[in-house]
Amino acid sequence: MSFSFFSENMSTELTGLFVEKPTENITAVAGMDLVIIAKVDSTTLTRKPTMKWLKGKWLDLVSKAGKHMQFKETYDRNTKIYTYEMKIIKAKVGDAGAYRCEVTAKDKCDSSSFEISVEGEDAGEDDGDLDFSALLKKVKEEPVIDVWELLKSAHPSEYEKIAFEYGITDLRGMLKRLKKMKVVEPKHCEAFLKRLESCYSVEKGKKIVLRCEVVDPDVPVKWLKNGQEIKPSAKYIMEANGNVRTLTINKTSLADDAAYECVVGEDKCFTEIFVKEPPVTITKLMDDYHVVVGERVEFEVEVSEEGAHVMWSDIELVKDKDSTKYRFKKDGRKHTLIIQEATLDDIGMYHAWTNGGHTKGELEVEEKQLEVLQDIADLTVRATDQALFKCEVSDDKVTGKWFKDGVEVLPTERIKMTHIGRFHRLLIDNVIPEDAGDYTFIPDGYALSISAKLNFLEIKVDYVPRQDPPKIHLDTTGNMVSQNTIIVVAGNKLRLDVEITGEPAPTVVWSKGDQPISATEGRMRVEARKDLSCFVIEGAEREDEGNYTICVNNPAGEDKAMLFVKIVDVPDPPENVRCTSVGEDCASIIWDPPVFDGGAPLKGYLMERKKKGSSRWTKLNFDVYEASTYEAKRMIEGVMYEMRVFAINSIGMSQPSLTSKAFMPIAATSEPIRLTVHDVTDNTCTLKWLAPEKIGAGGLDGYLIEYCKEGGTEWEVANQELCQRQGYVVRGLPVGEKVNFRVKAVNIAGHSPPAVLSQAVTIREIMEYPKIRLPRELRTKYIRKVGEKINLTIPFQGKPRPVATWYKDGQPIDPKMVNVRNSNVDTILFIREAEREHSGTYELVLQIENMEDRASLILRIVDKPGPPLKMKVTDVWGFNAALEWDPPKDDGNCEIIGYTIQKADMKTKEWFTVYEHNRRTNCTASDLIMGNEYMFRVYSENLCGLSEEAGVSKNTAVIAKTDLEHKRSPYKEKDTSCMPKFTQPLVDRSIVAGYSTTISCSVKGYPKPKIVWMKNKMIIGQDPKFLMRNNQGVLTLNIRKPGTFDGGKYSCMAVNDLGTDEVECNECVHTVKGESNKM
């Protein structure tokens, strides 16, 4: 049984991006399910919206997704509405609180807040008289919220009436609570023109600016955070620009998530900042593991933030304090899931989730198997010889027992058993006939046995005639697969003991092919014993394979035997491992068989894979796989993988092949969307579309455009190379035919499903009248300076393609002076460096058959003007001179806007500006200096600036002198004599013993006074401990490293002919504790 909430049942005010959103107050019943729905309209959005469900201010509920809380998203292609669901399974009291759903789409954002309250569970039959249905009825009937609203808005005289009407018994208590609940309205003040926004949202680490406007531009403001005043710092920057007041918060953190106020006098404006923590991404993916039972497994991931929450999940992982099965470890940004001892029950896929990423790794566990690395070889020994059985297994911790003919062998003085590492040895000294038999080694805990045979060679002495021809007695048991062939595993030792009889003792010769073997030491050797010839090969190699001959002879005759020694080995590794195709979670692998099969038929192959960059390989098959092609599955899309293959024969497994080139399991994209026809001509069709909604990890390489005639089934490819843009012009189409078009997206995984037009397109040109769209700035005179570049683009429309022709002043333009480029939709007029002769009226004529359109523009190229003409001085009076000139002959192709007049003294010839931007052709130069002669010049000025040259006056202006007499006042020397007077006295000081110090004062007086320093009324004199200086009346006394005896009263006396002055101070010398001990 579940309780579901659907927003369509409630009436909510719709704002922003939401079509439907949850109500503000939702009540759930504990133990029942709760479903909350919100809908977003995407018709006006360019990107898919992103929905976040938050609890409180910043807790992202996606990180809490699991069995208790689930999220779902659906999309309706017809209405283009996204539906988002949040489902709380078996609601608890802890689920109550404030929630917010926030939707973002590029630069648009909207949010909706709601409150969830959870009531108690249903009462059972044993709960006495508690009637849950009656309680629900009471909750619905009791209008508590309505009564509070009535009391808040009612006049005090109506309180008793409301209490009587609604049955309120404790009216006085409710009024007291109402008084506390009433919000004190802030006093209305016109201090703010524009207040702060109600709330702000910012990502952690980013900058945010709070902005408001005040009425008085000079008024100071205060910024508060949670009621505490903010001081300016590098983090908080406060600015005042006119009426605007801003608070900038740099590098926001979760501590900045608070309420903020801007205070102006008694008026305040409030806002709240929500700091959003960025999603935690996974920077290092999880590796796959292949282990045997009992091994330790560590799944490790690395995230982008320290201290981030990582949720691990298999089918279900429970972190129980008493359980030692799983351990969870955090080390900075590394998170590790540890399985102490893996079992077959642990096989599966393990996931790690953060609020911004997901990774998974596969764990494969196989039963522990024991491999025999070296088998026991059969032995043939004589009496009193030593027999040694030796075998090697893969696990050095495995113990075992030796058996002879099914009976356990016990150690004695003659029989010894050893176990060193992976080697198990059975040593029998002084072999006797009773020791012959079958010996078996059985490892403890494994259904495995290793057997060999001990043959006892009994020496028989026969009394025969002295002349006995030689005879070779070959033992056909053991490694002989036939009477003439011996098989030896590469790396093993071959020892062939051949019994030889004959009288007298025959001579034995071993040979390989035609080459005799005579060595008695080394890897391949011959050992001679009485009545026995031993042929030994240590560590058999492939080159040792071949025909071997033993030849014995004596005076009585000759005997010969031929053997074929076959060396078998593990095969060579497979070659040319490569990936031929990939899917969303699979890949097809193919390889070539090994060049050498090891001398034994191949049984099959084993495959391994790993993620690129990882060092851990994962087995893909446990049983031998016979084919040379394999389809690897259960891979993660978008992750690079590498493969290798092992070949297996009856001897063992080869070395791994070379690692294949890295490949990535990827899937084809979804189909392109919104395929439309943009334009049609007699033989072309222009198509446009949008990128697929789902692209995947394989990316997008381009698009393939195909077409076929209506009713046909054969599609023809329009583009030989992939189209990179989301538009294409299909050319060479038959006129008048109806053609179907489709577009496929292509990536490394192949072709996507096609996007097909809903109906066929008729290939026929649509006539459209020519129309010139002259830009607004070209509808008046277009003025440019000489030397500037001119690039005019004039768009037009018309079908079929119009013919654009340019004219200048009624004549076709000269292509050597002006460049023109025409396209289907515009024409460009280009002049690299403008000249005066480019000025004129340009006309554009657009023609389609007998239809045309015209547009004109006036182009004026301007230059600096020439100099003014006939500059002259027309009159001179007093300190003034009247000037006149004529306008320049060349105005630079534009209006003269003024003149600049300068003057120069004939003595210095330095020019000074008299007037600027003088619009008339005459002026008066004033404030000239008497007795000087002046010449003048004038520059003309237009839009391009001043003229290069100036018009210079032909005559000069001479300012005549007048009779003037200067009467000098008599000079009286000032008496500066004064008696000495201290302007800055000495100051009492407390100094530390051992640290040099300086006392200073300042004095004035004329004639320069004589300075006398005294200590305790005694003249200091030339004591080297004291340094006395006088710099411009500033007197200093430097006491070098004073001791306690240097304390006292210091005075300074200044004396000249007019009098005496004196200042004094007290100097107290104290020692620092620790320093006095040193002294």
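Okay, let's start with a cysteine pair. The sulfur of C1052 sits 4.2 Å from the closest cysteine sulfur, the one in C1001, and that's too far for a bond. For a disulfide, the two sulfurs would have to be within 2.5 Å. Keep in mind that this is a predicted model.

So where does C1052 sit, buried or exposed? It counts as buried, at 0% relative accessibility.

And how many disulfides does the structure hold? Zero. Take C109, which is in no disulfide either: its nearest cysteine sulfur belongs to C199, and that's 9.0 Å away. C109 is exposed, by the way, with a relative accessible area of 53%. Put those two cysteines side by side and you have C1052 buried and C109 exposed.

Okay, on to the surface. There's a patch of negative charge out there, and which residues gather in it? They're D375, D378, D405 and D438. Let me pick out D405. You'll find D405 in the loop that runs between β30, residues 400–404, and β31, residues 407–408. At 48% relative accessibility it counts as partly exposed, because the exposed label needs over 50%.

Then we've got a nonpolar patch, also on the surface, formed by V293, L344 and I347. Together those side chains' residues have about 220 Å² of accessible area. One of them, L344, is again a loop residue, placed between β24 (334–339) and β25 (348–354). L344 has a relative accessible area of 42%, so that one goes down as partly exposed.

That's my tour; over to you folks.

Terms used: Residues are numbered from 1 along each chain as its sequence is written. This is a predicted model: local features need pLDDT of at least 70, side-chain atom pairs count only at pLDDT 80 or more; totals for chains, interfaces and linings use all residues. Side-chain values use heavy atoms; hydrogens and water are left out. Patches are made of residues with over 30% relative accessible area and no salt bridge: like charges are joined within 9 Å, nonpolar side chains (Val, Leu, Ile, Met, Phe, Trp, Tyr) within 5 Å. Accessible areas come from the Shrake-Rupley method with a 1.4 Å probe; for residues, only the protein chains shown count as cover. A salt bridge is a side-chain nitrogen of Lys or Arg within 4 Å of a carboxyl oxygen of Asp or Glu. Lys and Arg count as positive and Asp and Glu as negative; His and the chain ends are not counted. The place of a charge is taken as NZ of Lys, CZ of Arg, CG of Asp or CD of Glu. Helices (H or I, at least four residues) and strands (E, at least two) are DSSP runs, numbered from the N terminus. Buried means under 20% relative accessible area, exposed over 50%, partly exposed in between (1.4 Å probe, protein chains only).
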